[in-house]
Each structure stands twice: as C-alpha cells, then as structure tokens.
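Notebook open, model loaded. I want to go through the empty spaces first and the packing after that.

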Amino acid sequence: MAVQQKKRDLIALASIPLIMTLGNSMLIPILPSLRKELQVSSLQVSLIITVYSVVAILLIPLAGFLSDRVGRKKVIIPCLAITGAGGLIAGLAPLWSDHTYGWILGGRVLQGIGAAGSAPVVIPLVGDMFKKESDVSAGLGLIETANTFGKVLSPILGSLLAVLAWYLPFLAIPVISAISLLMVAVLVRVPRRQEQPETLRQFFSEVKAVFNEKGRWLYAIFAVGGICMFLVFSFLFFLSQILEDRYNVHGAAKGGLLAIPTAALCLCSFTAGKWIGENKRRMKWLNFAGAAVAAAAMFICGFFRIDSVFMLFILIAIGGAGIGAALPCLDAMVTEGIDKKQRGTVTSIFSSIRFIGVAAGPPASSVLLEYSQRSLFFVMAAVGTASALLALIAIRPHSSEPNPGEIVQRFQPKQKNRRNRRLRTKA
C-alpha cells in the first residue's frame with residue numbers, strides 16, 4: 001500500500017498539526033492560572049486563544065495560494081520557524097517585561113502567522129502525495145489522529161509544565177517546532193509539479209468556478225468543520241474553568257481529566273479515518289451521526305442539569321467521540337472533491353473556517369457561563385443540531401461504490417440485450 005511506502009513522510013507531516021494543537025490546547029488547562037498571574041478577566045485570558053486563531057483565519061487563504069504557487073514545503077518550513085519565534089517571545093516575556101500580557105498576545109500573533117502557513121497546507125500536500133482516494137483518506141486519517149492526539153496530550157503536558165513555572169508551556173513551542181522543522185526538511189518528499197504556477201487572475205477565476213460548481217455541499221462542509229471546532233474548544237474551556245473553580249482540581253490531575261474527552265475524540269477520529277475508505281456516502285452518514293451524537297450529549301448536559309463531575313465527563317466524552325468521527329470525513333470530502341490545482345487554496349479556506357470555531361469557542365463559553373451553565377450547553381446543542389442537519393440535507397456525495405439500485409440498472413440492459421439476441425436467433 002502506498003501509505004506504508006510513505007510512512008516517514010506522513011509521520012513528519014503529522015508532527016505539524018500536533019504542534020499547532022499543542023500550541024493552543026496546551027494553554028486550555030492553565031487559563032485560570034494565567035488569569036490570576038496576569039491579573040486579567042476571564043474574557044481577556046480567553047483572548048490568548050482567540051488572537052492566535054483570528055490571525056490564522058485571515059492569513060490561511062494567502063498561505064493556500066502561495067502553497068499552490070511556490071510549493072507546499074517552501075511555505076511550511078519558514079512558517080514553522082515563525083511559530084517557534086512566537087512561542088519564544090510569549091515564554092520569555094514574564095522574565096524581562098512588566099507588560100507581560102501584551103507581549104504574550106504579540107507572541108501569539110506570531111504563532112498564528114506560523115500556524116496559518118503550516119498546518120492547513122498539510123492537508124493538500126497529503127492529497128498531492130497519493131493517487132488513490134483510499135490512500136488519501138488513510139493518510140488524512142493519520143494527520144487528523146495526530147491533531148486529536150495533540151488534544152489528548154496537550155492538557156496533560158500543559159498542566160505538568162505549569163507546575164514548574166506557569167510560562168513554560170509557551171517555551172515548549174520553540175523546541176517542538178524546531179524538531180518538526182527538521183523532520184519535514186529531511187523526510188518529506190514533495191511530488192514534482194507538472195504544471196506552471198497560475199496567475200492571480202486565473203487563481204481567483206478558478207476558485208470562483210470551484211465554489212460555483214460544488215455548490216452547497218462545499219459550504220455545508222465548511223460550516224460543519226467550524227461548528228465541530230467551536231464545540232471542542234467550548235467544552236474544553238468550560239471543563240477547565242469548573243474543575244478549578246468548583247471542584248478545586250489543579251495540576252496534573254486536572255490535565256488528566258481534560259484528556260478524557262479528547263482521548264475519545266482521538267480514538268474515534270483514527271477509527272473513522274480507517275473505515276471510510278473512499279466511500280463518500282459512508283463519509284456523509286458518519287458525519288451526520290457524529291454531529292447528532294455530539295448535539296444530543298450537549299442537550300442532555302443542559303436539560304438534566306448534570307452536576308456530577310463523573311456523569312459530566314461521560315457525556316462530554318461521548319460528544320467528543322461524535323466530533324472525532326466527523327472530522328476525518330470532512331477532511332477527506334474536501335480533499336478528494338477538489339482538483340489538485342485548487343486543493344491548497346480550498347482546503348486552506350476550510351482550515352480558516354475551522355479556526356473561526358477555535359477562536360469563538362473560549363470567549364463564547366466565558367460570556368455564556370456568566371449567565372448559566374445550562375445556557376452554554378443549550379447553545380452547543382443548537383449549533384450541533386444545525387451541523388447534523390447540514391450534513392443530512394446539504395451534503396450529497398456520489399459514492400465510488402455503486403449502490404444496489406445502480407447495480408440492478410447496470411445489469412438490466414445486459415439481460416434485455418441477451419433476450420433480444422435469443423429472439424432473433426429463434427426467428
């Protein structure tokens with residue numbers, strides 16, 4: 001299998017979403033501690049997550065265009081270096097400045113620039129590396145698993161580092177960025193470009209044509225991707241707050257508990273990536289089922305006023321599992337449904353929409369929790385339901401595997417032709 005032959009390339013590429021996830025999710029468990037250390041409000045501390053994502057949202061489409069034009073690897077490597085520089089500034093700020101909060105936000109802006117040009121470009125690069133759609137799906141499953149594994153590892157790692165010093169999670173980013181940069185530079189072999197880079201006018205014209213041709217299913221996938229990330233970062237922010245404020249859970253214990261729902265997400269993402277293959281109908285229905293499960297879990301949390309931390313984690317883990325099942329389906333449908341020339345740009349726009357969900361999750365949770373826990377869960381249930389309906393109604397792919405009706409239709413004309421030949425022979 002082609003995936004096995006390019007296993008080293010995929011492992012190197014998988015390190016990129018892992019780093020970007022660590023760069024954001026590693027801060028989730030320590031946000032209450034950052035709020036106290038920096039003496040800022042809950043909304044202000046949530047902006048440490050949001051500013052990273054907002055910058056990425058604005059620059060991801062540009063990175064996609066550049067990756068189509070000058071090459072994926074030539075965009076990824078400098079952006080990994082920028083990510084490391086941003087982490088270094090944020091991590092060193094408490095040691096030499098009295099305006100720590102402002103410097104941390106500045107470092108996070110640099111990290112967002114680096115994230116825009118690295119993680120989103122990985123998806124089209126995987127699509128470029130393989131010819132068979134089943135290999136693309138398997139490769140993207142590994143990438144999405146690395147992404148979700150980062151969500152499992154990050155709360156534990158972030159909590160452990162913060163026990164030593166609250167700013168150490170920022171300083172971990174330059175180290176792991178350097179490791180990833182070396183792996184990509186040495187191990188990843190990019191396929192040669194067969195065509196000349198297109199002009200800016202051709203680029204805009206072709207992207208517009210793609211969106212006109214693909215229509216509502218592409219918009220629906222974009223919306224579902226954004227909603228999924230909104231749900232993940234909303235419930236992680238909520239759990240981080242209540243574990244510390246209500247249940248007095250701190251440090252590594254808190255990180256371990258936060259890893260439970262992300263572990264469920266990771267496991268289902270890996271399994272789904274293996275199972276969907278190149279069957280588009282399977283992707284659609286798994287996407288719908290995952291979104292419906294997540295919405296139902298959030299609704300139960302709000303409707304029954306779950307106060308038991310044990311039941312709360314079970315339900316949120318179920319919701320995380322639903323989201324994990326949906327994510328590889330979205331990646332595969334976008335990547336396999338777009339021509340290679342526009343793949344970098346379109347998948348980058350998709351990544352940008354996902355970052356909108358990441359950016360909106362923590363501040364939305366902060367504001368809604370000012371009213372009540374129930375209001376937060378009902379909002380998450382509503383957007384989860386909207387995601388499921390979009391997957392059900394708007395996404396209508398053609399499976400690469402014929403359904404039984406199509407087999408019958410293909411078989412009937414042959415039967416009819418045989419019957420006509422027999423009649424002519426008898427005549």
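I started with who lines the largest cavity. Helices H2 (7–25), H7 (119–129), H8 (133–164), H11 (216–245) and H15 (340–369) each put at least two residues into that lining. H8 has the largest share there, with five residues. Note to self: this is a predicted model, so everything here is computed from it.

Next I looked up the lining itself. It comes to 21 residues, and Thr21, Ala119, Asn147, Arg354 and Phe355 lie nearest the centre of the largest cavity. I sorted the lining by class and got 13 nonpolar, four polar and four charged residues. The volume of this cavity is about 360 Å³.

How many cavities of 30 Å³ or more does a search of the whole structure find? I got three. The second largest holds about 40 Å³ of space.

I pulled the full lining for that second one: Ser25, Ile28, Pro29, Lys151, Ser154, Pro155, Leu236, Leu258 and Thr262. Which helix gives the most to it? H8 does, with three residues. Both H8 and helix H12 (251–276) supply at least two residues of this lining. By class I have five nonpolar, three polar and one charged.

Then I moved on to open spaces and picked the second largest pocket, which has a volume of about 240 Å³. It is lined by 14 residues, and the closest to its centre are Val3, Gln4, Ala138, Leu142 and Lys274. Helix H1 (2–5), H2, H8 and H12 each contribute at least two lining residues to this pocket. The largest share is again five residues from H8. The class split for the pocket reads six nonpolar, six polar and two charged.

Packing came next. The largest nonpolar core has 111 residues, and Leu13, Ile16, Leu34, Ile316 and Ile323 have the most contacts inside it. H11 supplies the largest share of this core, 20 residues. There is also a second, separate core of five residues, with Leu22, Met26, Ala172 and Ile173 among them. As a background reminder, nonpolar side chains tend to be buried together in soluble globular proteins.

I clicked on Ile323 to see what this residue touches. Leaving out residues up to four places away in sequence, I listed Cys228, Leu231, Val232, Phe235, Leu265, Gly290 and Ala294.

Last stop was helix H3 (residues 31–38). Which of its residues are buried? I noted Leu31, Pro32, Leu34, Arg35 and Leu38. I then looked down the axis of H3: the buried residues fall within an arc of 160 degrees, so they line one face of the helix. What do the buried residues of H3 pack against? My list is helix H4 (42–70), helix H6 (100–116), helix H9 (168–187), H11 and H12. Leu34, on the buried list for H3, is also one of the residues with the most contacts inside the largest nonpolar core.

One backbone angle I wrote down before closing: Gln39 follows H3, and its phi is positive, near 55 degrees.

Definitions and conventions:
Residues are numbered from 1 along each chain as its sequence is written. This is a predicted model: local features need pLDDT of at least 70, side-chain atom pairs count only at pLDDT 80 or more; totals for chains, interfaces and linings use all residues. Side-chain values use heavy atoms; hydrogens and water are left out. On a 1 Å grid over the protein atoms alone, a cavity is a set of points where a 1.4 Å probe fits but cannot get out, and a pocket is an open set with protein on both sides within 12 Å along at least five of seven lines; lining residues have an atom within 4 Å of a point. Grid points are joined across faces, edges and corners, and a volume is the space filled by probe spheres set on the points. Helices (H or I, at least four residues) and strands (E, at least two) are DSSP runs, numbered from the N terminus. Ala, Val, Leu, Ile, Met, Phe, Trp, Tyr, Cys and Pro count as nonpolar, Asp, Glu, Lys and Arg as charged, and the others, Gly among them, as polar. A nonpolar core is a set of buried Ala, Val, Leu, Ile, Met, Phe, Trp, Tyr and Cys residues joined through side-chain atoms within 4.5 Å. Buried means under 20% relative accessible area, exposed over 50%, partly exposed in between (1.4 Å probe, protein chains only). Contact means heavy atoms within 4.5 Å. The arc is that of the directions from the helix axis to the C-beta atoms.
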